[in-house]
Amino acid sequence: MKILVADDDPTSRLIVETALRRLGHEYESVADGGQAWQAFQSGQHDVVICDWMMPGQTGLELCANIRRHSAGSYAYLILVTKHGDSDQILEGMAAGADDYLVKPLNPKDLQARLIAAGRVTSLHRQLGDRQARLEGLNSELTAIARRDPLTGLSNRRALQEDVAALEARVTRYGHRYCMAVLDVDHFKAYNDHFGHQAGDRVLETVATVLKRVARTGDALYRYGGEEFLCIFPEQSLASGAHAVQRMRIGIEELALPHPGSSFGVLTVSAGLAVLDPGETRSASDVLKEADEALYRAKSLGRNYVEYGSLLAS
Amino acid sequence: MPDGDRAVLDPEVIDRLVRLGDDAGEDLLAQLASLFLSDAGVRVAAMQAALARGDAAGIAWSAHQLSGASASVGAAELSRLAATFEAASVVDELSDGQVGLEAIEAELDRVRVALLVQTRPS
């Protein structure tokens, strides 16, 4: 335990110091309340033994300051009063002291207080550790809950949360964004021919290509079984389309054999839509438009990117 | 109460300090005596100066310090006198200030002698 002794009376300080040495404790010792507060801020002591009345900062103020400003660890505060004045003791405990000692100091009383201090501070340390572990687990769980385990992309739950944030930004700052829905062509036929495990590998591969093409700030989601969704913040339809075309070409160029496709290789189709600044449509309107564009891309022969707003305009 | 009826130094406190010193392997009482006596001298001088200029807060502060320090070395009567003086100065009843201070000085003399006796090498 790191102990801080604060007392302006050298006599009383010497007695406390001697008793602490005798008990084998390490301590730092200061002669007024101001020094005590400084020492505590840099040392974060486990136990503070402070005199009730000191220049600079009284023991009462010191206790209140320590309680107000130390967030993580817990310091056990022992106030030292001259003659067990009950009102002083109550006031001190209310201000944050855990215990008190009376002058003339009985070293055995000090020893008893330090036993309690050791127990309480170690309990607080355990609680703090447990809290930190829980917080770590919590953020890990949050991350897991937002991630598609197969592809490592964000999942639908993440999409819901992100879209709410995106809409708030768009409403407040008048930002624009592009949204694209990509779908693996004839995925069911691929699964039927090669089996579900091979189908899973294909989804992983498609995700890898999407990640390679996407830029920092773009968001990628596994939207459904073989459907992917990309959000390109701040991008026009033209630059969004450029990215999606690169994704489509990137997958076609992998030349993964697909006997069920007229292209002979695995391909994707995509529908793209944009929300320009000042528009009042919701994200689900934009998504619906991208979805309809995807549907047209499929009916236009697949391995194709179709644009929503072009048709609208 | 007449002087002869009470110990200037509380034997229980002195005994505790001697034992603590023995346990720690230090001559604690001698160190304390010298610290206390030099400190108490400074406090009394400060009280005299404060009394001369009518500084009640200054008296209260020094009296409080002296009261705490004397309690620590077991000088219970001196501690009590200083505390009474402190209380009087807080409520600004220092008409008898000189008398109170003289009583403190007289008791401090007794404590000085008693401490010297206690710490005299045997």
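## Exercises: strand β9(A) and residue B:L17

**Exercise 1.** In this predicted model, sort the residues of β9(A) by the way they point, and state whether they are buried or exposed.

*Solution.* Step 1: take one side. A:V268, A:A270, A:L272 and A:V274 point one way from β9(A). Step 2: take the other side. A:S269, A:G271, A:A273 and A:L275 point the other way. Step 3: check the cover. Both sets are buried. For the strand, residues 268–275, that gives 8 of 8 residues buried.

**Exercise 2.** Find the strands that pair with β9(A), and give the sense of each pairing.

*Solution.* Step 1: look at β6(A), residues 177–184. This strand pairs with β9(A) in the antiparallel sense, over 8 bridges. One bridge joins A:M179 to A:A273. Step 2: look at β10(A), residues 305–307. Here the pairing with β9(A) is parallel, over 3 bridges. A:A270 has A:V305 as its bridge partner in β10(A). Step 3: add the helix. With α10(A), residues 283–299, β9(A) and β10(A) make a β-α-β unit, and the unit is left-handed.

**Exercise 3.** Why does B:L17 count as buried, and which residues does B:L17 touch, not counting residues up to four places away in sequence?

*Solution.* Step 1: locate the residue. B:L17 is in helix α1 of chain B, residues 11–24. Step 2: apply the cut-off. Buried means under 20% relative accessible area. B:L17 has 2% relative accessibility, so B:L17 counts as buried. Step 3: list the contacts. Within chain B, B:L17 touches B:L28, B:L29, B:L32, B:S72 and B:V73. From chain A, A:I15 is touched too. Step 4: take one contact further. B:L17 and B:L32 are 15 residues apart in sequence. Their C-alpha atoms are 9.2 Å apart.

Terms used: Residues are numbered from 1 along each chain as its sequence is written. Chains are lettered from A and ligands numbered from 1 in the order in which they are written. This is a predicted model: local features need pLDDT of at least 70, side-chain atom pairs count only at pLDDT 80 or more; totals for chains, interfaces and linings use all residues. Side-chain values use heavy atoms; hydrogens and water are left out. Buried means under 20% relative accessible area, exposed over 50%, partly exposed in between (1.4 Å probe, protein chains only). Helices (H or I, at least four residues) and strands (E, at least two) are DSSP runs, numbered from the N terminus. Two strands pair if DSSP finds at least two bridges between them. A crossover is right-handed if, with the strands pointing away from the viewer, the path from the first strand over the helix to the second runs clockwise. Contact means heavy atoms within 4.5 Å.
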